[in-house]
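Student: I would like to go through this model and ask what the terms rest on.
Tutor: Put the questions one by one.

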Amino acid sequence: MESRVDAPLRRNELPASDAPSVPRLTAGPLFVVFAPLLVLVAAAAILGVAAFTFGWHRVEMLVAAALAGVVAGTVAAYLLYRQVRQRQAASSALQSVTARVGDIVETAMDPIVAIDAKQRIVLFNPAAEKTFGWPRGAVIGQSVDKLLPERFRERHRAHVERFARTGETVRRMGGQTVLTGLRANGEEFPIEASISKHVEDGQQLLTVIFREVSDRVRAERLIARREARLSSILDSAMDAIITVDERQHVVIFNKAAEAMFGCSLNEALGAPLAWFIPERHREAHAEHVRKFGDTGVATRRMSGQRLVTGLRRNGKEFPIDASISQLEGPEGRCFTVVLRDVSERVRVEGELRHSKEELRKLGAAVNLAREQEQSRIARELHDELAQTLTALQMDVVWCKARVPENDATAAARHAKMEAMLKDAVAATRRIAAGLRPLMLDDLGLVPAVDWLVEGFTQRVGIPCELVVANNDLRLSGPQATAVFRIIQESLVNIGKHARASQVKISIARENGLLTIGVVDDGIGFSPQDPRKPDSYGLLGLRERASLLGGDVEIRSAPGRGTCVVVRFPVSTTQVPS
Ligand SMILES: Nc1ncnc2c1ncn2[C@@H]1O[C@H](COP(=O)(O)OP(=O)(O)OP(=O)(O)O)[C@@H](O)[C@H]1O
Ligand SMILES: [Mg+2]
């Protein structure tokens, strides 16, 4: 640190109260110095007087008196020498203290300003020069007002005068209040000040130590602004946000939380989180938060995919979707839960589930009605129309036999009628079978699927193998119909899309589960692609399986063929209806 001894403070710049006083020779020290001396001189005088008065041992007496005089002189010289040394030491100590105080004031980081009773500046250290932007020469002897914005001067003057009248030695100006200083360039800035009072040479001086707090105030303002922003973000959030400390007591409770739980911020702050949880869940919830704290994971959804239950202050429970996060802060760990009241979602989900169930039932009823209607039409076609046509066919044959041999036109007309009737019978049977193969009802599932497979191979020209693990499948009517339709749709799809060279169908009943597999080695497709707008085949497949309490698995990829697997449960007691 640079020594400032070469630039000593002017006399009225010294804070005089701290300067040590110069030692002076007062009655006490004088007595100590001269008392032994006086005793010796007195002893020498008594001895001298005795030697002359009584005449005995005159020479010895004189020698003794001379000796006492010499000793007294030596002691006096020594004492005087010591006194001079002490005064020199005291004076140099005073100088060094003065210099040190001056040094401290000069090199202080904080601005130090002393003012006299008229509030004129008498001391202005370099830090003050730097802070206020005034050179010392420009302010010494000037009013302290120079360092304050005009609007504060009156109040400040009154404050300083009041302080000068009180007996306090040191106190902080304005308590915790930050004052406003004025720089030479007119800029205002926040500053903290402590003031002390002392008297020097009968004159009262006030010394003010300032501390520039611009950075601190700026930081405080920043923090305050950040906190305000954070709290407005919290309050504008749609979700309830609650932060609890390690003891699970509420420290943050935003507006949405107030609305959600029907609890004001004032009431909630410091309250245990348990307030907002139904009693039966409290222990488990507290344990959950504790365990979460131990995992070290920063954030996660509470209770996995399940919803948690909240408790309003009016005692009503409601479903919540919650996620939790933890943060290690300066005041320990805290947990933040973000909560969303999902009452509405749960209600809508319930309605959706219900309406899906209704739809499924409706679908089942429609399917059944359609199957029954198709079956009825197929039977009518088969039993009524086809039989009548067959009878007509026989009549035509009878008529043909009775046509005169020379009537070639009639014979030709009859032959044509015969052929048309044959086609009509075949078409009727084909249409009836398309609507519903009667053999499904008459002979059972396996012969019906056999007929389906045969027809597919004939029509499309792709070899198809049917493997039935056990012939006695013991399926109910709707189950058998579903299996038939599933295989039918799968074969239609292979014919339409697969460009396969081989198909294999398997039906197996095992452990109360019926499994149908239709595998082709065709071009395949991506089952996860969105459904084409007018494609309902696979959708119907899933619908049928789900109506039977089962599911459908489609394994396929472009160029890898397709495997459709349908499974549904069949009870052992089930009897075909
Ligand atoms: N075996 C298969 N091989 C290749 N692609 C297939 C196969 N099965 C289905 N697909 C593909 O899946 C799509 C959906 O089939 P889906 O049966 O649902 O509808 P569709 O056959 O196009 O029309 P719909 O069955 O309603 O008459 C088909 O368009 C086809 O691209
Ligand atoms: Mg299809």
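Tutor: A definition comes before anything else: two strands pair if DSSP finds at least two bridges between them. Keep in mind that this is a predicted model.

Student: What makes S14 and S15 a pair?
Tutor: The cut-off is at least two bridges. Eight bridges join S14 to S15, so the two strands count as paired. They run antiparallel.

Student: Which residue of the hairpin of S14 and S15 takes a positive phi?
Tutor: Asn-511 does, with a phi near 50 degrees, and this hairpin has two residues between its strands. Glu-510 stands opposite Leu-513 in S15.

Student: How do you know that S15 also pairs with S17?
Tutor: By the same test of at least two bridges: strand S15 (residues 513-520) and strand S17 (residues 562-569) are joined by eight, so they pair. Their directions are antiparallel. Among the facing residues, Gly-517 is opposite Val-565 in S17, and Val-518 is opposite Val-564 in S17.

Student: Why are S13 and S16 called edge strands?
Tutor: The sheet is open and has five strands, in the order S13-S14-S15-S17-S16, with mixed pairing. Strand S13 (464-468) and strand S16 (551-556) each pair on one side only, and pairing needs at least two bridges, so they are the edges. On average, neighbouring strands of this sheet are turned by 10 degrees against each other, direction ignored.

Student: What makes you say that helix H13 packs on the sheet?
Tutor: Helix H13 (residues 445-460) touches S13 and strand S14 (503-510). Its direction makes about 170 degrees with that of S13. On a scale from 0 to 180 degrees between N-to-C directions, that value is close to the upper end, so H13 and S13 run in nearly opposite directions.

Student: How does H14 lie?
Tutor: H14 lies across S14, S15 and S17 and runs at about 15 degrees to S15.

Student: Which elements give two or more residues to the shell around ligand 1?
Tutor: The shell has 17 residues, and the closest are Asn-493, Ala-498, Ser-535, Gly-537 and Leu-538. Helix H14 (477-498) and helix H15 (537-547) are the elements that give two or more. H14 supplies the largest share, five residues.

Student: How many residues of that shell are nonpolar, polar and charged?
Tutor: Seven are nonpolar, seven polar and three charged.

Technical notes
Residues numbered from 1 in each chain as written. Chains lettered and ligands numbered in written order. Predicted model: local features only at pLDDT ≥ 70, side-chain atom pairs only at ≥ 80, totals over all residues. Near = placed C-beta within 6 Å. Helix = DSSP H or I, 4+ residues; strand = E, 2+ residues; numbered from the N terminus. Nonpolar A, V, L, I, M, F, W, Y, C, P; charged D, E, K, R; others polar. Contact = placed C-beta atoms within 7 Å.
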